[in-house]
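Let's take a walk through this model, chain by chain, and see how the pieces sit together. Keep the viewer open as you read.

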Amino acid sequence: MSHLVLRQVTKEYGAVRVLHCIDLEVGNGEFVVFVGPSGCGKSTLLRTIAGLERASSGEIRLDDRLVNDVSAADRGLAMVFQSYALYPHMSVRQNLAFGLENSRMPRDEIDRRVTEAAKMLLIEPLLNRKPRQLSGGQRQRVAIGRAIVRRPGIFLLDEPLSNLDAELRVVMRAELAALHKRLSATMIYVTHDQTEAMTLADRIVVLRDGRIEQVGTPLDLYNNPANRFVAGFIGSPRMNFIEAETIPIAGGVGVQVNGKQQRLPHLDLAPGSKIVLGIRPHSATVTEIDQGTIPLELTLVEQLGAETILHGKTDRGEIFTVSAPGQGRFSMGERIGIALPPEDLHVFNAEGQALPRG
Amino acid sequence: MSTITGERGGQASSLSSMLTLPFRFLMGVLNAPMSFLQRRFGIGGMGAVFLAPNMLIFSVFVLIPVAINFAYSLTGGTAIFFDDRHFVGLGQYQTLLTCSDYTTPSTCLQDAFWQSVHNTAFFVIAQVTVLVLVSLGTALVLNREMRARGFWRGVFFFPVLLSPVVVGLIWKWILQRDGLLNAILMDFGFERTLWLAERSWAMFWAIFVSIWAHLGFYALILLAGLQAIPRDLYEAAMMDGTGRMRTFWRITLPLLWPNLLVVIILALIKAVQIFDEAFVLTGGGPGTSTMFITQYIYETGFAHVLRNLGLASAASILMGIVLVGLTALQLGVSNRRARKEAV
């Protein structure tokens, strides 16, 4: 278990800056997930922590030791690669033992650790096979096993589940969570899949264009996104956004949507401000066409059994998604009304920053 | 609007029709004979029809000469035409293989043949060993991130494009008595060395020049092999705390081994056949110190006043057997590799 501190870490490739002043602390035993769209710098950040890339400036501290100039091998970290990166010419046993042999560990200690890890990951019967004789899920386990035997200060996992099929991904996700608990290890996990981030993380770090957008627990990010990007990235289906201008209404400030007045949560806003309203598909409610704030023409109806996801277009052409509980009878082209409960509305200013709720 | 589109379409189609004109003309000409052949042999037989021209050329220039060569090796005399030669059975082989001590060419009936066998064996062992090691080293260096990598790769590959005779002539010009190397050395106050007229130097240069000429080809094969090794593996090895030498021995070399094996065998086959560069460079001299088997065959069969075609044929059959063995080895290796990859 290690404690990681990043201070003002930047990374540049020539004139291109891919990480901007990253400040982050990862505590002992914490499971932190870096999430963001492709190209946001999450993998680069992980590789910089690993020592596979050099930070252009800033400090990386492991247990209070400055490690900027310490080689990847000497940082005491282990990495699980997206491609697994198993040595194809070595058996599973040799793959697991290779790193330990490098550190000239006694043979019986190596054997003990390899057997222990293999038992934990249920790959004991595979120890004498070559990687090419394994399925994707088995390879994934071996890759994780290779990290476990090293007893690293921090496990670094770079999109480890993205090469698995959907079903196996769910299984491995649960196993990873269990493993984290069992080893009480510090883990940093990179993914572009917000579901993985939500289900695995103690804390999520949302990255965009090499900058940290927000850090927080999964529910923190879900309930109080700091900006429009985080609000749109976390949660599935994604949050709906409606542009509006504030007007004075009885008892405070509201907006006019579609000729109807909509109350807002108590906010410190002057009338006439341009804002963006955000509402999650599960918070908006379906009503009769004349009762809702927003009329919606349905373009797609997805029946999921327990709920029905409705996709549609507002009269202004904005795309809107709403979830109706149960198995609703809706048809494409049908017009429905949408009500926006004021307490569930997120309000962002024109720059996309969330406005604090009063 | 539609007329404009129509015109554009017309222009495009007239251009493409101009470009495909030769092709369509060819197809038109071939159409009749092809349909005739297809009617005659059926769809299944067309494969054989398409292979036939190549097989014909292969037969005329390779298969039939090999058969004739074998037939000549069973005859004696100096006559060229087969009818004028007499049958001697395995006599020529017996002549070639009669030796009281195979390690000493002078005790053999055909001492020149055995001298050339010894020279070739020495050349093959030395040249292939050094060539493979230097190619590997070159490939490892060229695989690194460096400035003007493309340029350096080109520099090493360039000699491969030269004809062997040109290679021989270039180096002869450098190494001869009044050549470039001696001129430079003498400028620096060294004495003139007869690089091509001293036994050990001549062999050294024969080996050196053939390595220089072929290095780029083998380095390229190895470079391709190196680039096929995923970067991830090196990063995983780095995270595992693997030292540079250990990474080379435990990761690079095992994963490069299939390519290395191909390189070794190809280099072996090529080295056994050594002729042109060395012949132009040293002419087999001084004495017979750089005469290789191919040159012995050439001289015995064609250059000597008494053209002993039978003996030359027998020697080439013996050399052919060695080459077939090496080729079988190469095929075996690549088949095994294909099977392994199919698992």
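Of the 358 residues in chain A, 39% are buried. Keep in mind that this is a predicted model, so every number here describes a prediction rather than an experiment. Chain A's C-alpha atoms fill a box of roughly 80 × 45 × 35 Å along the principal axes, and its secondary structure comes to eight helices and 20 strands. If you look at contacts in chain A between residues at least 6 apart in sequence, 65% of them join residues at least 24 apart.

The domain assignment splits chain A into domain 1 (4-232) and domain 2 (240-349). Their C-alpha centres lie 39 Å apart. How many residues bring the two into contact? Four residues of domain 1 of chain A meet five residues of domain 2 of chain A. On the domain 1 side, that contact consists of two nonpolar residues, one polar and one charged.

Between those two domain ranges, there's a detail worth zooming in on. S236(A) and P237(A) are joined by a cis peptide bond, with omega at about -5°. P237(A) sits in the loop that runs between α8 (228-233) and β11 (240-249) of chain A.

Two other loops of chain A have backbone angles to check. L122(A), in the loop between α3 (107-120) and α4 (136-148) of chain A, has a phi near 60°, which is positive even though the residue isn't glycine. Is L122(A) buried or exposed? L122(A) counts as exposed, because just 11 other C-beta atoms lie within 10 Å, and the cut-off for exposed is 12 or fewer. S184(A) is another non-glycine residue with a positive phi, this one near 35°. You'll find S184(A) in the loop between α5 (166-183) and β8 (186-191) of chain A. S184(A) is exposed too, because its C-beta has 9 others within 10 Å.

Now for the inside. The largest nonpolar core has 100 residues, and the ones that touch the most other members are V33(A), F34(A), A50(A), M79(A), F155(A), L156(A) and I188(A). Take V33(A) as a sample: leaving aside neighbours within four places in sequence, its contacts are Y189(A), T191(A), A197(A), L200(A), A201(A), I204(A) and V205(A). There's also a second, separate core of 53 residues, and its members include L215(B), L256(B), A271(B) and F279(B).

That takes us to chain B, where the domain assignment gives domain 1 (2-52) and domain 2 (95-342). The centres of these two domains of chain B, taken over C-alpha atoms, are 47 Å apart.

So where do the chains meet? The contact draws 16 residues from chain A and 15 residues from chain B. On the chain A side, β6 (77-80) and α2 (92-102) are the elements that give two or more residues. The biggest share comes from α2(A), with three residues. By class, the chain A side divides into ten nonpolar, five polar and one charged.

L233(B) is a good place to see both chains at once. It lies in helix α9 (residues 231-239) of chain B, and, not counting residues up to four places away in sequence, L233(B) touches A85(A), Y87(A) and I251(B). L233(B) counts as buried because it has 20 C-beta neighbours inside 10 Å, and 20 or more is what the cut-off asks for. Compare its position with Q38(B): the two are 195 residues apart along the chain, and their C-alpha atoms are separated by 53 Å.

I251(B), one of those contacts of L233(B), leads us to α10(B), where I251(B) is among the buried residues. Others buried in α10(B) include R250(B), L256(B), N259(B), L260(B) and V263(B). Helix α10 (residues 244-272) of chain B has 29 residues, yet its end C-alpha atoms are only 36 Å apart, short of the 42 Å a straight helix would reach. Where is the kink in α10(B)? The kink, about 55°, lies at W257(B), shortly before the proline P258(B).

Finally, look at F302(B) in helix α12 (residues 293-303) of chain B. F302(B) is exposed, because 11 other C-beta atoms lie within 10 Å. Its C-alpha is 8.7 Å from that of A312(B), ten residues away along the chain.

How values were computed
Residues are numbered from 1 along each chain as its sequence is written. Chains are lettered from A and ligands numbered from 1 in the order in which they are written. This is a predicted model: local features need pLDDT of at least 70, side-chain atom pairs count only at pLDDT 80 or more; totals for chains, interfaces and linings use all residues. Helices (H or I, at least four residues) and strands (E, at least two) are DSSP runs, numbered from the N terminus. The expected span of a helix is 1.5 Å times one less than its number of residues. The bend at a residue is the angle between axes fitted to the seven residues ending there and the seven starting there. Domain bounds come from an automatic or database domain assignment. Two residues are in contact if their C-beta atoms, placed from the backbone, lie within 7 Å. Ala, Val, Leu, Ile, Met, Phe, Trp, Tyr, Cys and Pro count as nonpolar, Asp, Glu, Lys and Arg as charged, and the others, Gly among them, as polar. A nonpolar core is a set of buried Ala, Val, Leu, Ile, Met, Phe, Trp, Tyr and Cys residues joined through C-beta atoms within 7 Å.
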